[in-house]
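These are my notebook entries on a structure that was new to me. I set down what I looked up, in the order in which I looked.

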Amino acid sequence: MSNKKTTKNQSLLEIKDLKIEGFSDEFWHPIIKGINVKLQRGEVMGLIGESGAGKSTLGLAAMGYTQPGCRITGGSISFDGQELIGMPEHKKRKLWGTRITYVAQSAAASFNPAHRLINQATAAKIRAKISDEKSAKEDARELFKTLQLPEHNTIGDRYPHQVSGGQLQRVMTAMAMSPRPDLIIFDEPTTALDVTTQVEVLAAMKDIVKEFNTAAIYITHDLAVVAQMADFIKVLRYGEEVEQANTRIMLDTPEKEYTKSLWSVRSINKKEEKSDDIVLSLKNIDASYGGGIKVLDDVSINVSRGKTLAVVGESGSGKSTAARVITGLLPQQNGQILFNNIELPKTLRGRSKDQKRQIQMIYQMADTAMNPKQTVGEIIGRPLEFYLNLNANEKEKRTIELLELIELDETFIDRLPSELSGGQKQRICIARAIAADPEVIICDEVTSALDQIVQEGILKLLMKLQKELGITYIFITHDISTVKAISDEVVVMFQGKVVEQGLKSQIFSPPHPKYTELLLSSVPEMDPDWLSNLISSRN
Amino acid sequence: MHPVIKTVLGRLAMGVLTLFAVSLIIFSSMELLPGDFGQAILGQAALPETVAAFRRELGLDQPAIVRYWQWVTAVLQGDLGTSFSGRNASGVDRSREVVDLVLPRLRNTLFLASIAALIAVPLSLLLGVTTALYRNTFYDRSVNMATLTTISFPEFFVAYLLILFFASLYPIFPSLANVDSDTLFGERLYRAALPALTLTLVIVAHMMRMTRAAIINLLASPYIQMARLSGASSAEVILKHALPNAWAPIATVIAFNLAYLVVGVVVVEVVFVYPGIGQLMVDAVAMRDIPVVQGCALIFAVTYILLNLLADIIGIITNPRLLHPR
Amino acid sequence: MSNKPNTYSAVAEVAYKRVRRSRLQRVKLGLSKAPPTAWFGMIVIFLYIFCALFAPLLAPYGEAEIFPEPFAPWSSEFIFGTDQIGRDILSRMIYGARNTVSIAVATTALAFLIGGSLGLAAAINMSWLDQFLSRLVDVLMAIPSLIFALVLLSIFGSTVTNLILIIAVLDSTRVFRLTRAVSLNVVVMDYVEAARLRGEGLGWIMRREILPNILPPLIAEFGLRFCFVFLTIAALSFLGVGIQPPTADWGSMVRENASLIMFAQYDLKAGLTPLLPAAAIALLTVAVNFVVDWFLHKTSGLRDEQ
C-alpha cells in the first residue's frame, strides 16, 4: 500500500499562491490568479464555481498536470511534502494512478474502447507493482461490488461501449480507488448523468471515500451535490477564491453575496395560476424517428393560454420529441394537435406562415441557435421583416424596442453573437421569438447551459414578458428547481409516456406515482444530510 | 451473424458494385467515340469495306448491352481485346492482343511500385509517429517544412532534380531505366533506382503528413489524457492506448498513398522511359488506342479499389465496437 | 469581484469571450502574426499574378516567335537560351505564367461551381438527391483521377476546353465531398432549424445561413485544390496529352527540353533549362501551400502544442 509516513501536522496537499495562464486569441490570459489550498488526509474539499471559474484547471494542477495550452506561472504545489511544480515527468508518473487518481467527467470518452474495463481499472496498480495481476483483479471485483455494480464478477470483462454511462462512472471510481490512493480528484463526475442515476453514483462515491478514508477534491457547479460530499467548500470565480468554509456553515450563513447567488434559481417561486382556456392541445400523439420504436406513445397534453406548462423528464423521456412534433419538424404517426381548436397540419410544409408565426422556439444552446455571421440586428430583424413585413425604419425601431424589452440597449444592434456573453445570447434568442409576436413559445432547456445567476435573470425576464404580453410557455426541462421556479402546470414524462399532468402544487405534493416519486426524491437538496437520509429511507 | 462478418460482407458487396460501375464507365468510353473514328484509325485512304469490316470486328452493329456482356466475360477470362494500332488502310492487320502488351509491362510496374512501397511505408510511419510525438520541436518543424515542400513539387521536377544530380552531374545511376525480361534482378534494381527513389520521396511526404495528422487526432482523445493521468509512460500511451485504435486510420493512410503510387508511377515511367504500364497507357492515349487505354485503366482502377477495400476491412476488423458487440 | 451580484444587469454582464476588434484591426493582427513562410508565399503569389497580367510587357520576345538557333545557350540576347525549335525560353516562361496559371484557376473555379453547389444542395436536401450524388461521386472517385482524365482525353481529344471541363468535373467530386461534409455540420445547427421553422425558403437558407459559415474551409480548400489541379494539368501537359503547342506552357516546356538535362556535366546552365519551368510550377505550389497552411491553422484555431 502507499506509504503514510508523513508527520501529523503536515498537510497532504498544500497549494500556495498558484497562478496559471492559458493561451487563446494570440495571447496568454490568466486562468488561476493566486489560489491557496490546504487539504489534510481523509478530508474532502468541494470546489465549486461557474463556467470559466478555473475549477478544473485547479483540480488538474493538484496533480501537477496542466492541459495543453496552459502554463503555470507562479506559486507552489506540494503533495505529501514533495514539490510538484518542476518535478520531472517520470517522477510525477509514479504518483499518478497510484497515490493521486482522477475521475473524469465523461467516463464514456475516458475509457479506451480497445481494452476490457477490468484491465484498465487495474493497469496502474499492476504497473506500480502494488500487487500482482490476480489479486489486483480480485480487489477490483470487490470494489465493483462495494460500488453496487450489477454482475460485479463479470462486468469487468466487458468493453466500455457495452456498459451504461452511470455504470461506467462507477467503474471509473473503482479504478481510481483500486490502488488506495491518498488523493482522488473528482472532476464533475455526475454532471452528464440523469438525476436518478446521479443519486446512485453519488452514494457509491461517498461511501467508498469514507470507507478508505481517502482525501478528495470534488469539482462541480452544483452546490447541492457538493454539499453531500465535502467537509468544506471553496467557491471560485474568475480564477480567484470567493470564500471557503465548512459545508454546513457555508449553506447556513454564506458570507459573500456571490455564494448565495449560486442557488438563486431556488429562490424564485412563481405563484401558480389555474386556467381552463386551452390554447394548444395534443391528443393521443404517437411518434417515432424513421418508423422505429415509439418515442412518443399515446401522449396527450393540454396547454393553458397565458400560462407556463413545464414538461419534465430525463434523457430519453420524449420531452424534446414532443416539442419537435408540436413545431411540425417531426410529423406524428397518430393523433392530432389542436391550436385554438383548429387542427394543425402534421408537417411544417403544410402549415401556413401565420401558423408558423404563432409557435416560436427557444433553444438550449444559444451559441448554436444564432448564426455567428449575423449581427443582433439581423437576427432580431428577420422575423419582423419576414412575418410582419416591416420596412427598414420600422424594423430598426421595433428591434430597439425589443432590445429594451429584454433589458439590453441599442448599442447591441450591430454586435455579432461571438461578442455577447452566454446570458446575453439567450436574451437575443428570446427577443427573436418575441419579435414574431407569437401565442406560444417552446423553451427547450433554455437555462440548462447557463450559470445560476444568469439563469435567474433569464427566468425572471421570461415571467415578466409573460405578464406583459400574455405569452404561453411550454417549458421543457430536466431540472426540478427550474420547474418549481416558473411553472403553473407540470407534465411528467417517462419513456415516451405521460406519467402525470396537473397543477404544480398537485404534482409536488404526495401521493405520487412511482416514477414521479423516484424523480423528485433524487433531486439533491441544500442539506448535507439529504443523501444519507435518502439512502437509509430507500433501503 | 457476427457484426464484423456482416459489415465486411456489406463492404465487399459495395466493392463489387463499384467495380461494376467502373467497368461500365470504362466500357462506355468506346461508345463515346465520334462516328468517324474508324476512318481516323485506319487512315484517310481506307476503303469503305475495310472500315465496315473493322466496325464489325468491334461489334458496333450489335446493341450496347450485348457488347458489354461480351466485353465483361472476355475481361474476366483475361482477354482485354485487340489493340487498334498496327492496322492500316489496306486492311492488313498486324495488331496485337492487349494482354500481350500489358502483361510484361505490368510486371515491371509492380516491381517498381513494390520497391517504392517497401521503403516508403515503414519510413513514413516512423516519421509520422515521431513527429506527432515530438510536436513543434525543431525536428517536427523541419520534417514538416521539407514534406510540405515535397508535396508541392510535380513528380517530374523531383525526377529531373534526381537525374541532374545522380545521372548527369555525378553519373552514379542511369537516367534511362530500360529493363526487359532478360535483365537480372540486381541490374534491374540498379536501373530502377532513380524512378523508385522519386516515387519514394513523393509518397513519403504525403504519407508522413497524413500519419502525423491521424496520430495527433488520436492523441487528443480523452482516454489518452486519462491514460497519462493514470501514470502511463509515453511508450505505454502509444503502444497500449493509441496503437490498438490506430489501425483503421493508419490502414486508410497507407491504402490512400499506395493508390497515389498508382498515379505517380505514370509520370515517373515516362520521365525515365521505364517500360511499365503507365507509359504504355500514355502512348495509347496519344494514339487514341482505346482498347489499350481501357485495359490499362481497368488495371489501375481495380488496384485502387482493392487497396481501399482492404483498408476498409482492416478498419472494420480492428474496431472494438464491432469486435465486441453489446 | 464580490461587488457584482447585487447590481446584476444583463447589459453589464461581461462578454469575456472575445475582445471586440474591427475587421481591419483583425487583419492587421493576423498579418503581424503570420509566419515568414506565409509572407514568402503571399509575395510569390503576388509576383506570379503580376507576371500573368503583364506578360506581353515583361516578355522580351513573342510567345511563339521562332529564332534561327535551336537550343541556344544562355546569353544576354536569350537569357535562358532557346528551345528545341528556337523560341526564347524566358518569354515562354513569362507567357506560361499566364496560360498555365489561368487554365488552372479557371478549372478550379469551375470545379467549385459544380461541386460546391451540388454539395450544398445534397446537404440540405438529404433525400434521393443526396443519395444519388453521393453514390455517383463514390464511383467517380473509385478511379484515380489522372487515369480517368487520360481515358477521357483519349476519347475527346486534348483541347484546352476539354482539358478544363474534364479536370473540373473530376475534381468537383472532392469539392462536393468537402462542401457536403462542412455543410452537414452547419445544417444540424439550431439556427438553420430556426430558419426552417420560421418558414424560410431553401435559397435563403443556403445563401444567408449556410454559405457564410462554410466559407473559411472552402477558401482553404480552393488553395489546395488549385495546387492539385495545377499539378495534374502540368503532369498531363508533360505527358503530352494536356495543353498543346504552340501555347507556351510549363509542363510541355519541361518535356520539350528534357533532353538538355544530360548536358549538365558539360554546360550546367543548359542542363538547368528544363528545370526552370518545373521549378516555376513547384515554387507556386509551395507558395500556395504555405499560405493555405497558415490560413488553416489560423481559422481552425488549431493549436496542437503539447
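**Entry 1: A link between two chains**

I began with a salt bridge between the side chains of A:E378 and C:R208, for which I noted an N to O distance of 3.6 Å. A:E378 lies in helix 14 (residues 376-388) of chain A and C:R208 in helix 9 of chain C, so the pair joins two chains. I record here that the model is a predicted one. I then looked up how open each partner is. A:E378 is partly exposed, with a relative accessible area of 34%. C:R208 also counts as partly exposed, at 32% relative accessibility.

I next looked up a network of salt bridges, and found that A:R382, A:E385, A:K395, C:R198 and C:E200 are linked in one. Over all chains, the rule gives a count of 50 salt bridges.

**Entry 2: Salt bridges within chain A**

I turned to pairs inside chain A. The side chains of A:K307 and A:E273 form a salt bridge, with N and O 3.9 Å apart. This pair links distant parts of the chain, its members being 34 residues apart. I located A:K307 in the loop between strand 12 (296-304) and strand 13 (308-312) of chain A. A:E273 is in the loop between helix 10 (257-261) and strand 11 (278-287) of chain A.

Is A:K307 buried or exposed? I found A:K307 to be buried, with a relative accessible area of 14%, which is under the 20% cut-off. A:E273, at 44% relative accessibility, counts as partly exposed.

I also noted the salt bridge between A:E151 and A:R158, where the N to O distance is 2.9 Å. A:R158 has 24% relative accessibility and counts as partly exposed.

**Entry 3: Chain C**

I looked up the make-up of chain C and found twelve helices and zero strands. Of its 306 residues, 52% count as buried. Its accessible surface comes to about 13700 Å², and carbon and sulfur atoms account for 68% of that. For contacts in chain C between residues at least 6 apart in sequence, I noted that 69% join residues at least 24 apart.

Two residues of chain C were then examined singly. C:F222 is in helix 9 of chain C, and counts as partly exposed at 30% relative accessibility. Leaving aside neighbours within four places in sequence, I found C:F222 in contact with C:T108, C:A109 and C:F112. C:F222 and C:F112 are 110 residues apart along the chain, yet their C-alpha atoms are separated by 7.7 Å.

C:S172 is in helix 7 (residues 160-187) of chain C. At 7% relative accessibility, C:S172 counts as buried. Which residues does C:S172 contact, leaving aside its neighbours within four places in sequence? I found C:A111, C:I114 and C:G115.

**Entry 4: Chain B**

Chain B has 15 helices and zero strands. I noted that its C-alpha trace spans about 85 × 60 × 35 Å along the principal axes. Chain B has 326 residues, and buried residues make up 52% of them. Its accessible surface is about 14800 Å², with 68% belonging to carbon and sulfur atoms. Among contacts in chain B with a separation of 6 or more, 72% are between residues 24 or more positions apart. I also looked up the charges: chain B has 21 positive and 19 negative ones, and their mean positions are 15 Å apart.

**Entry 5: Helix 13 of chain B**

Why is helix 13 (residues 277-287) of chain B described as largely enclosed by the rest of the structure? I found that eight of its eleven residues are buried, so the description follows. Among the buried residues are B:I277, B:L280, B:M281 and B:V285. Within chain B, the buried residues of helix 13 pack against helix 5 (98-133), helix 12 (247-271) and helix 14 (290-317). They also pack against helix 6 (145-156) and helix 9 (202-239) of chain C. B:R288 follows helix 13 of chain B, and I noted its positive phi, near 55 degrees.

**Entry 6: Where chains C and B meet**

I closed with this interface, in which 47 residues of chain C are in contact with 50 residues of chain B. The two chains bury about 4200 Å² between them, 78% of it on carbon and sulfur atoms. How many salt bridges does the rule find across the interface of chain C and chain B? I found one. B:R209 forms a salt bridge with C:D293, and the closest N and O atoms of the pair are 3.9 Å apart.

Definitions and conventions
Residues are numbered from 1 along each chain as its sequence is written. Chains are lettered from A and ligands numbered from 1 in the order in which they are written. This is a predicted model: local features need pLDDT of at least 70, side-chain atom pairs count only at pLDDT 80 or more; totals for chains, interfaces and linings use all residues. Side-chain values use heavy atoms; hydrogens and water are left out. Helices (H or I, at least four residues) and strands (E, at least two) are DSSP runs, numbered from the N terminus. Buried means under 20% relative accessible area, exposed over 50%, partly exposed in between (1.4 Å probe, protein chains only). Contact means heavy atoms within 4.5 Å. Accessible areas come from the Shrake-Rupley method with a 1.4 Å probe; for residues, only the protein chains shown count as cover. Lys and Arg count as positive and Asp and Glu as negative; His and the chain ends are not counted. The place of a charge is taken as NZ of Lys, CZ of Arg, CG of Asp or CD of Glu. Buried area is the accessible area (1.4 Å probe) that two parts lose on being put together, summed over both. A salt bridge is a side-chain nitrogen of Lys or Arg within 4 Å of a carboxyl oxygen of Asp or Glu.
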